[in-house]
Amino acid sequence: MLDIPTNGENVIIEAHDLRKTFIAKRGRGKTEEVEAVRGIDLAVDEGEIFACLGPNGAGKTTTVRMLATFTIPTSGTARVAGFDVVKEAAKVREKIGYVGQAGGVDDNAPGRESLVLAGRIAGMSRKEALARAEELFAAFSLSEIADRPVKTLSGGQKRRFSLAIGLVNRPPLVFLDEPTTGLDPQNRANLWDEIRALRDQGTSVLLTTHYLDEADALCDRLVIVDHGEIVAEGTPEKLKKELAGDVVTLRLDDLDGARKVLAAQPYIKETQVEGDSLRAYLDDGEHGLPTLLRALEAENLAIRSISLDRATLDDVFLKHTGRSLRDAA
Amino acid sequence: MLRHTLLFTGYELGVMRRNLAWPIIGIMQPVLYLLLFAPLLTSITPNGELTEALIVFTPAALVMIALFGSMFAGFGMINETRNGVLERLAVSQAWRPAIILGRVVKDMLMLVLQSLLVLGVAALMGLRISLAAMGLMLLLMAVTGLFAANLSYGLALAVRDENGMSQIVQFFLLPLMLLSGLMLPMSLAPDWMQTVAKFNPLYYAVEAGRALFAGDFSDSDIPIAFGIFLVLGVLALTWSVRSLRKLAG
């Protein structure tokens, strides 16, 4: 079990060894067990944006669905807002907002109708629900399109309605499953701002994403998930610092030879081969690069191309899984 | 529980009100049957009068709306298994059976309204029945709808594929229709068919309707039909709520 440090504030999500095994039908009466989630431990503090980063099929959605009381775990326990997700599911549902990957907005009705219904299900009177809807329309710039059938709206507008519906009961915690998938860069940036605004108002957010930049830009802490397991956990800064600040990517013919040379250099913290390129991690790229070039030259290793970049979460993913997140899906 | 059911019903009625064309097209079929098929039946009635044929055929036309309308009610829900609406509702504070029951109540109301329209057409053609018979017939339609719609939602949630569902519904509709005496009374059928028909719940709905229209309130088919559809309706609701839970895997 991972020992996950938190900031010592109140914990809003606490999961221990969550597992989910699906029985998949494989035709002609045959079944196959698919272990979607294989022992996940999580602790999310109140008021933080927490991300589950991982490739498609890593088990992010299943994890969120278990925490949101949609899917019943095969084993393990989780408490959300102080309540057990299996035994006290009804209490958990009062405390959460859930925005699934598909959005969950009825296409055939105007957004206002969906919002009012959601509010009334959460226990509001018609008047209260209408007022709450108005509030959310203003917050998400939806007032002008609130009475148009949702099917006539753009992807970004629909996504904002999904988010508004998820927030109708003023939940202390919202789950956002791949909130920006399929959005254009402008809409993505706007949605990031809206998610940050949620945190600023004290709402805790757990989101899943397969975008590195999204996890990097948005979240306070994250876990990297692969094949149903957590492979790394921490703040984006801490995870990148563990690795090194900079990365030199080299393309050359003798990858193994070069790797040996570079691994022997004291300022190189780590090397990784990815496809036909070699990645070397070091703290101070600007000053290390000339030394690195001289070392390779001394061994007569011909370089075809070279680049120096800041290390990203993709490098963290590569270090822990041996694959790049771009190739992992 | 009741509050949530009615909230969903109200919402669904709103959606329906914005698309009134579909339910209106839905009753064209039984109305056409009344206009173009009932007159053919006059030759098999004792006195050869249209009003007699209408007593035999109008209940059948009503059951037809239940079959062709409510059995397809679940189609819309297949999309909701994909667009995330059901997923969201399942983790909301909604009482889960209300998600389905709310829609079923809407379908039952629709069915009663459509039945009233068809009865209106039949009345224009010369059908005369008592208010009690009409009230009981509408109630019978409501419980038939309770069963047919719940079954349809259960099927939609279990199959979750429009093509598969339409094949399954079509596969069952024809034998159910022919073996209910919908077109012609089962009393005209050979013995073996009459025996098989006794296992078809719709047979009792049609027979009970005919007994009501003939003013024969003591006919045992009437309580049998109400009993069967209430029990089957509750079973179908249980099944569809279970299927809803299975969405989560």
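Two strands count as paired if DSSP finds at least two bridges between them. That idea helps with a four-stranded sheet in chain A of this predicted model, where A:Glu270 has A:Tyr281 of β13(A) as its bridge partner. Over in chain B, the briefing looks at helix α12, at the side that touches chain A, and at an annotated domain.

**The sheet in chain A**

- The sheet is open, and its four strands follow the order β12-β13-β11-β14 with antiparallel pairing.
- β12 (268-274) and β14 (303-310) of chain A are the edge strands; each has a single partner strand, so one side of each lacks a neighbour in the sheet.
- On average, neighbouring strands here are turned by 20 degrees against each other, with direction ignored.
- As general background, strands of a sheet pair through backbone hydrogen bonds, in either a parallel or an antiparallel way.
- β12(A) and β13 (residues 277-282) of chain A run antiparallel and are joined by six bridges.
- Lying across β11 (246-252), β12 and β13 of chain A is helix α11 (residues 313-321) of chain A, which runs at about 80 degrees to β12(A).

**Helix α12 of chain B**

- This helix spans residues 201-213, which makes 13 residues. From first C-alpha to last it reaches 19 Å, close to the 18 Å expected at 1.5 Å a residue.
- How much of α12(B) is covered? Most of it is: 12 of the 13 residues are buried.
- The buried residues include the charged-side-chain residues B:Glu207 and B:Arg210, along with B:Tyr203, B:Tyr204 and B:Phe213.
- The cover over these buried residues includes α5 (50-70), α9 (131-159), α10 (162-178), α11 (191-197) and α13 (221-246) of chain B.
- After α12(B) comes B:Gly215, which has a positive phi, near 80 degrees.

**Where chain B touches chain A**

- On the chain B side, 18 residues are in contact with 26 residues of chain A.
- Two elements, α1 (2-18) and α7 (85-90) of chain B, give two or more residues to this side.
- α1(B) gives the most, with five residues.
- Sorted by class, the chain B side has eight nonpolar, seven polar and three charged residues.

**The annotated domain in chain B**

- An unreviewed UniProt entry carries the annotation "domain: ABC transmembrane type-2" for residues 21-247 of chain B.
- Over residues 21-247, chain B is 77% helix and 0% strand.
- The end C-alpha atoms of that stretch are 31 Å apart.

Definitions and conventions: Residues numbered from 1 in each chain as written. Chains lettered and ligands numbered in written order. Predicted model: local features only at pLDDT ≥ 70, side-chain atom pairs only at ≥ 80, totals over all residues. Expected span 1.5 Å × (residues − 1). Buried ≥ 20, exposed ≤ 12 C-beta atoms within 10 Å, placed from the backbone. Contact = placed C-beta atoms within 7 Å. Axes fitted to C-alpha atoms, helices over the stretch in contact; angles between N-to-C directions. UniProt positions renumbered as here; feature names shortened; annotations may be inferred.
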